[in-house]
Amino acid sequence: MQAFDYVKAKTLEEASALLAEHNGDARPFAGATDLLIRIERGFLHPAKMVDIKNLPGFRAINALDNDWLRIGAAVTMNEVVIHRDVESRYPLLAEACQSVASYQLRNRATIGGNICNASPAADSAPALICYGAEAIIHGPQGERRVTVEDFFQGVGQTALERGELLTAIEIPPPPDGAVGRFLKLGRTTVGDISVMNVAVLGWPDENAASGASWRIVLGSVAPTPIRAPQAEKLLAGDTSPAGIEAAARAAADTARPIDDIRASAAYRTDMVRVYTRRGVEHVLAELNY
Amino acid sequence: MKHDINLTVNGELYNLTVESHHTLLTILREQLVLTSVKNGCSEGECGACTVLFDGKPVNSCLVLGAEADGHEIVTAEGLTINGQLAPIQQTMIDLGGTQCGYCTPGIVMASFALLERNPNPTEQEIREGLVGNLCRCTGYTRIVDAVREAARLQRTDMTL
């Protein structure tokens, strides 16, 4: 591997200064499960790695006073999966994080890294977007927040600007009675990167004609994870078998996938229809209203 | 850039000087000559380099040596105590869970960690627990048998 320097940052200010000083040649370093591979393959040539794992709060999951849940940027996938509050209140997120790669990798891969790498196939993203999660960003001007949905700007591109750092993800309380389902298609049953994925969240809502409101988020079928608003709207109106099929078709129409080594665009589009239908059927069977 | 680090490997404390860009895999193999730790893919897919980092299995090819400062590492060498193989090591031999042997130390470490968090795994749980360990001889059936048998031995607390 090419040579680089490595520093463990102790404070947020120190981390920001180190990242700014190297003018883009320094990289934040957490689980490194993507970063080291890209260096090994010669795609990246950072001069300095700034390890942010030991910054205050970066490895912590905390319930906040406003009933939101704060997950530090360097919390690992396995730590997210087994956390009591995630399991009880945000099981869709646990399901998504558990689907990432292998147990060994999930002991290193962090939820912040999953978002900051901004792969369209980031498995935690559809679940976070379903729950309306927000990215907490520290920068030279202080703290700001954007929704995870808006944090993704394009393939490998995020809302982070130079000198800024993702510090945590905060998730609002889930809607009462919400039920979620994350479905992922890979080349193997377990452990592969997503060919496509879908997160479905439904919850009882007396103002909806069908009795429930919905969030549908698709992964790996566009430059970023995307919501399928037309499918969500159709499901709020009708969850009969015909209504579900119409919503699944609407989700497929929303997808804008590409052909690549893992699957063709046409196959991905049709699998969006199939997996959305399955996800909605699963959620509907568990919803009580 | 060099770092002076203190780490515990297989119960012994070491003081090492390591390069920033050297992985834990490189340190373990080349500075400590713990050659059970294998380099397969260098990208966290094959699991041949699996070691325990503070008790948790990780791919040592994706960890920097400098990160191990102050931490505790266990390799397959460290599972054998006074010449007594750990149950998973013995059952891998007895049930033919090893062919060319290259993936074996990583599979032993991943299986050891799996049995610590789940002493009685189903076949499905064993296969999911080992999804990050590839065997190019494709001897998975006997590997699964060996893990199941090690689990049984550990539960009944039988000695081999």
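Student: Which domains does the assignment give for chain B?

Tutor: In this predicted model, the domain assignment splits chain B into domain 1 (2–79) and domain 2 (87–156). Taken over C-alpha atoms, the centres of domain 1 of chain B and domain 2 of chain B are separated by 21 Å.

Student: How many residues does each domain of chain B put into the contact?

Tutor: Domain 1 of chain B gives 15 residues and domain 2 of chain B gives 13 residues. On the side of domain 1 of chain B that touches domain 2 of chain B, β3 (50–53) and β4 (56–59) of chain B each supply at least two residues. The largest share of that side, 3 residues, comes from β3(B). Sorted by class, the side holds 9 nonpolar, 3 polar and 3 charged residues.

Student: How many residues does the contact take from chain A and from chain B?

Tutor: The size of an interface is often given as the accessible area lost when the parts come together. Here the description is by residues: 20 from chain A and 21 from chain B. On the side of chain A that touches chain B, β1 (5–8), α2 (35–40) and α6 (103–106) of chain A each supply at least two residues. That side of chain A has 11 nonpolar, 6 polar and 3 charged residues.

Student: Which residues have the most contacts inside the largest nonpolar core?

Tutor: In soluble globular proteins, nonpolar side chains tend to be buried together. In this model the largest nonpolar core has 142 residues, and those with the most contacts inside it are A:Ile52, A:Leu93, A:Ile115, A:Ile169, A:Ala199, A:Ala251 and A:Val272. Helix α3 (residues 104–117) of chain B provides the largest share of this core, 8 residues.

Student: What is A:Ile115 in contact with, leaving aside its neighbours within four places in sequence?

Tutor: The partners of A:Ile115 are A:Ala122, A:Ser124, A:Ala125, A:Ala135, A:Val148, A:Phe151, A:Leu166 and A:Ile169. One of these, A:Ile169, is also listed among the residues with the most contacts inside the core.

Student: In what order do the 4 strands of the open sheet in chain A lie?

Tutor: The order is β11-β12-β13-β14, with antiparallel pairing. An edge strand pairs on one side only, and here the edges are β11 (179–185) and β14 (226–227) of chain A. Strand β13 (residues 212–219) of chain A pairs with β14(A) over 2 bridges, in the antiparallel sense. Across from A:Val217 stands A:Arg227 in β14(A).

Student: What are the confidence scores?

Tutor: The model scores ipTM 0.96 and pTM 0.96. For chain B the mean pLDDT is 96, and 98% of its residues reach 70 or more.

Notes: Residues numbered from 1 in each chain as written. Chains lettered and ligands numbered in written order. Predicted model: local features only at pLDDT ≥ 70, side-chain atom pairs only at ≥ 80, totals over all residues. Contact = placed C-beta atoms within 7 Å. Nonpolar A, V, L, I, M, F, W, Y, C, P; charged D, E, K, R; others polar. Domains from an automatic or database assignment. Core = buried A, V, L, I, M, F, W, Y, C linked by C-beta atoms within 7 Å. Buried ≥ 20, exposed ≤ 12 C-beta atoms within 10 Å, placed from the backbone. pLDDT = per-residue confidence, 0-100. Pairing = 2+ DSSP bridges.
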